[in-house]
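Subject: Structure handover

Hello,

Here is the structure I promised to pass on. Please open it and keep it beside you as you read.

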Amino acid sequence: MRLLVVGRLSGQLATAVKMAMAHGAKVQHVERGDQATEQLRRGQGADLLMVDYRIDIAALIAANDAERIHVPVVACGVDADAREAADAIRAGAKEFIPLPPEADLIAAVLSAVADDERPMISADPSMKAVVSLADQVARSDASILITGESGVGKEVMARHLHVGSKRADKPFISVNCAAIPDNLLESELFGHEKGAFTGAVARRIGKFEEADGGTLLLDEISEMDARLQAKLLRAIQERVIDRVGGSKPVPVNIRIIATSNRDLAKAVAEGTFREDLLYRLNVVNLRLPSLRERPGDISVLADHFVKKYAAANGVPPRIISAEARRALIGHRWPGNVRELENAMHRAVLLATGAEIDVEAIRLPDGRPLLETAGSPAPAPVASTYDVGVAGHAAQVADAMTRSFVGQTVAEMEKTLILDTLSHCLGNRTHAATILGISIRTLRNKLNEYADQGTSIPAPQSGVAAAYGAAG
């Protein structure tokens, strides 16, 4: 845990720092918000900012966001009243710690941040086999490629590898290659010198240098531009990088872990991914099975998420009823662990009885878990002949097929894309995964539809939208 304290190191704040260090945190200190942003820009990363509430927290967070630096903030201070504490939370702080501090509160805050890394939980034999292989190779410096569907826990596995490695006491830095535009990704990875391009007002240390000595996770690497793939290959082979606008190479000592939810061998065949880079990354491949392939994990994961979100929301923990547990195991979970996590978060909030029953477990669109997706059943016809389940399924399939007649392929594609996006509550990444296309292709299609005057579902916020928000 790397803690950056921002504010004058008064007696009470110094006591809080000592408590944090007693719980294993490595602490650095600056007095002003701009100094904190500058320190993070230089690559001296942090897992948590502890900020004096009298500092402009909103401005600090905005300055970090402008640099694409996302570090959680907790506010602290002496003699702050309820209004001032609430103002700090509204400004973007995740928590307020009154000073003088309580040891249990400091420990709880540090534990909450550490919990964001998420433990590796498995009970199913198929997943246990993957975890066993991961443990076997964790202490090596070999590059590892983690593959699997979106939401199966690829970043959780990457963190598990880092914790089990010889670099566990060094930084773990993650970059989502699909979430950063191509023109910014090079600077994000390799950094830039002052004046390298318009807006480069100061030197910026990239993720490679920030991860020096530790582990760099390249999430969704299949989305990386071909030109950057060549530069990445050189960095891996020669252990040096070139900052944008730089005049000399910078040595780095890191371990690379990459993830992809696409078939990279197919991407190589299609010419969108370098074969030599694939060989460099894929020294060891860890394929994480989908949740439907490891049903033994569903129950233990559900219990873990119920406990986690009951504590996070300050509600009493409830056990999952037998009927609800059967429903959970019987569901296909197309969004995998991420979908299960958010379903159980909703269930914790919606449950009213002594147990979490099946009615509290809802799909992202609000339907009960047991409700069949698709078109509603046709009105029953008075007949002595009972078509049964198979007959009804045939009727529904025939009705759906007839509805497609007369549409062009482009119209059907548009309908499929927009319906899938609506199902995912506007979450682009999850919709692209279900559709089997890249996020870039999806965005291009949506821009095309928007230009035609079509209304595009926007990402939703709140509990229901949490379905698409996790790793």
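Below is what was found in it, going from the core to the cavities and then to single residues.

Please keep one thing in mind: this is a predicted model.

**The core**

Start with the inside. The largest nonpolar core has 31 residues. Which of them have the most contacts inside this core? They are F208, L216, L218 and I221.

Several elements give two or more residues to this core. The strands are strand 7 (172-176), strand 8 (215-219) and strand 11 (255-260). The helices are helix 8 (182-190), helix 10 (226-238), helix 11 (264-270) and helix 12 (275-281). Which element gives the largest share? Helix 10 does, with five residues. As general background, nonpolar side chains tend to be buried together in soluble globular proteins.

**Cavities**

How many cavities of 30 Å³ or more does a search of the whole structure find? The search finds two.

- The largest cavity has a volume of about 40 Å³. Its lining is made up of V306, A310, V315, P316, P317, R318, V348, A351 and I356. Sorted by class, that lining has eight nonpolar residues, no polar ones and one charged one. The charged residue is R318, because Arg counts as charged.
- The second largest cavity has a volume of about 30 Å³. It is lined by F208, A235, I236, R239, I254 and I256. Here the classes are five nonpolar, no polar and one charged. The charged residue is R239, because Arg counts as charged.

Look again at F208. It lines the second largest cavity, and it is also among the residues with the most contacts inside the largest nonpolar core.

**Cysteines**

The structure holds zero disulfides. Now take two cysteines, C76 and C177. Are they buried or exposed? C76 has a relative accessibility of 1%, so it counts as buried, the cut-off being under 20%. C177 also has a relative accessible area of 1%, so it is buried too.

**Around helix 4**

Move to helix 4 (residues 82-90). At its start, a side-chain oxygen of D81 comes to within 3.1 Å of the backbone nitrogen of R83. Just after the helix, G92 has a positive phi of about 130°.

A80 sits in the loop between strand 4 (73-78) and helix 4. Its relative accessible area is 24%, so A80 is partly exposed. Where is I97 relative to A80? The two are 17 residues apart in sequence, and their C-alpha atoms are 9.7 Å apart in space.

**Two pairs far apart in sequence**

E102 lies in the loop between strand 5 (95-99) and helix 5 (103-115). Buried or exposed? E102 is exposed, because its relative accessible area of 56% is over the 50% cut-off. E102 and A16 are 86 residues apart in sequence, with 8.2 Å between their C-alpha atoms.

T15 belongs to helix 1 (residues 11-22). At 32% relative accessibility, T15 counts as partly exposed. T15 and A103 are 88 residues apart along the chain, and their C-alpha atoms are separated by 9.7 Å.

**Two positive phi values**

Most residues other than glycine have a negative phi. Two residues here are worth finding in the viewer.

- W333 is in the loop between helix 14 (322-330) and helix 15 (336-350). Its phi is positive, near 50°, and it is not a glycine. W333 counts as buried, because its relative accessibility of 1% is under 20%.
- N336 is in helix 15. N336 is not a glycine, yet its phi is positive, at about 60°. With a relative accessible area of 0%, N336 is buried.

**In short**

Three points to take away. The largest nonpolar core has 31 residues, and helix 10 gives five of them. The search finds two cavities of 30 Å³ or more. Both W333 and N336 have a positive phi.

Best wishes

Conventions. Residues numbered from 1 in each chain as written. Predicted model: local features only at pLDDT ≥ 70, side-chain atom pairs only at ≥ 80, totals over all residues. Heavy atoms only, no water. 1 Å grid on protein atoms, 1.4 Å probe; cavity = no way out; pocket = protein on both sides within 12 Å on 5 of 7 lines; lining within 4 Å. Points joined across faces, edges and corners; volume = space filled by probe spheres on them. Polar contact = N/O pair within 3.5 Å; in protein donor to acceptor, adjacent residues only side chain to side chain. Helix = DSSP H or I, 4+ residues; strand = E, 2+ residues; numbered from the N terminus. Disulfide = S-S within 2.5 Å. Buried < 20%, exposed > 50% of the residue type's maximum accessible area, 1.4 Å probe, protein only. Core = buried A, V, L, I, M, F, W, Y, C linked by side-chain atoms within 4.5 Å.
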